[in-house]
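This report describes a single protein chain for a reader new to it. The sequence and the structure come first, and the description follows.

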Amino acid sequence: MNTPKELRYSEEHEWVKVEGEKVRIGITDFAQSELGDIVFVELPEVGDEIKVDEPFGSVESVKTVSELYAPISGKVVEINEDLDDSPEFVNDSPYEKAWMIVIEPTDKGEIDKLMTAEQYEEMINED
């Protein structure tokens, strides 16, 4: 299982990458492997506000539809439009090509509440 050390993780299997004043968000390698082949990704619009622990979109696999939960709050400033035509990026490249959204966080302190890679690996290995 690929769990990059420089990222932070939520209990809902989203990852967060701080990039200056912005934050890039996607789902983890573990999450995509549990879901199976991703066939559709629904994302918010640029300008939407997302709130921590609330749904901001969904991913549909051949098995199920799973909601995406905001790991932190903020304003959406960019969405990954490549996922419209290539949802399989979520399976092939969850940390590079399949980032979901970029936000301007309203409270960067929320990032500190997320898990480190080591804590996230402990959580998924307990299941």
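## A buried valine and its surroundings

V23 is buried, its relative accessible area being 0%. The cut-off behind that label is a relative accessible area under 20%. The structure is a predicted model, and V23 serves here as the way into it. V23 belongs to strand β3, which covers residues 22-27.

Which residues does V23 contact, leaving aside its neighbours within four places in sequence? They are V16, K17, I72, I101, V102, I103, P105 and I111. One of these, V102, lies 79 residues from V23 in sequence, yet the C-alpha atoms of V23 and V102 are 5.5 Å apart in space.

## The open sheet

Six strands make up an open sheet, and their order across it is β1-β2-β3-β9-β8-β5. The pairing in this sheet is antiparallel. At the edges are β1 (8-9) and β5 (49-50), each of which pairs on one side only. In general, the strands of a sheet pair through backbone hydrogen bonds, in either a parallel or an antiparallel sense.

Two of the pairings can be described in more detail. β5 and strand β8, residues 74-79, are paired antiparallel over two bridges. In this pairing, I50 has G74 of β8 as its bridge partner. β8 also runs antiparallel to strand β9, residues 101-105, and five bridges join β8 to β9. There, I79 stands opposite I101 of β9. I101 also appears among the contacts of V23.

## Two loop residues

Two residues other than glycine, H13 and D53, are listed below with their positive phi values.

| Residue | Phi | Loop | Relative accessible area |
|---|---|---|---|
| H13 | near 75° | between β1 and β2 (14-19) | 18% |
| D53 | near 70° | between β5 and β6 (55-61) | 59% |

Is each of these residues buried or exposed? H13 counts as buried because its relative accessibility is 18%, and the label applies under 20%. D53 is exposed, since its relative accessible area is 59% and the label applies over 50%.

## The chain as a whole

The secondary structure of the protein chain consists of five helices and nine strands. Read along the sequence, these elements follow the pattern β-β-β-α-β-β-β-β-β-α-α-β-α-α.

How does the radius of gyration of the protein chain stand beside that of a compact globule? For 127 residues, such a globule would have a radius of gyration near 14 Å, and the 13 Å of the protein chain agrees with this. The C-alpha trace spans about 35 × 35 × 25 Å along its principal axes.

Of the 127 residues in the protein chain, 50% are buried. Among contacts with a separation of 6 or more, 63% are between residues 24 or more positions apart. The pair V23 and V102, 79 residues apart in sequence, is in contact.

The protein chain exposes about 6800 Å², of which carbon and sulfur atoms supply 41%. The protein chain has 11 positive and 34 negative charges, and the mean positions of the two sets are 6 Å apart.

Terms used
Residues numbered from 1 in each chain as written. Predicted model: local features only at pLDDT ≥ 70, side-chain atom pairs only at ≥ 80, totals over all residues. Heavy atoms only, no water. Helix = DSSP H or I, 4+ residues; strand = E, 2+ residues; numbered from the N terminus. Rg over C-alpha atoms; globule rule 2.2 N^0.38 Å. Buried < 20%, exposed > 50% of the residue type's maximum accessible area, 1.4 Å probe, protein only. Contact = heavy atoms within 4.5 Å. Areas by Shrake-Rupley, 256 points an atom, 1.4 Å probe, with all protein chains shown as cover. Lys, Arg positive; Asp, Glu negative; His and termini not counted. Charge placed at Lys NZ, Arg CZ, Asp CG, Glu CD. Pairing = 2+ DSSP bridges.
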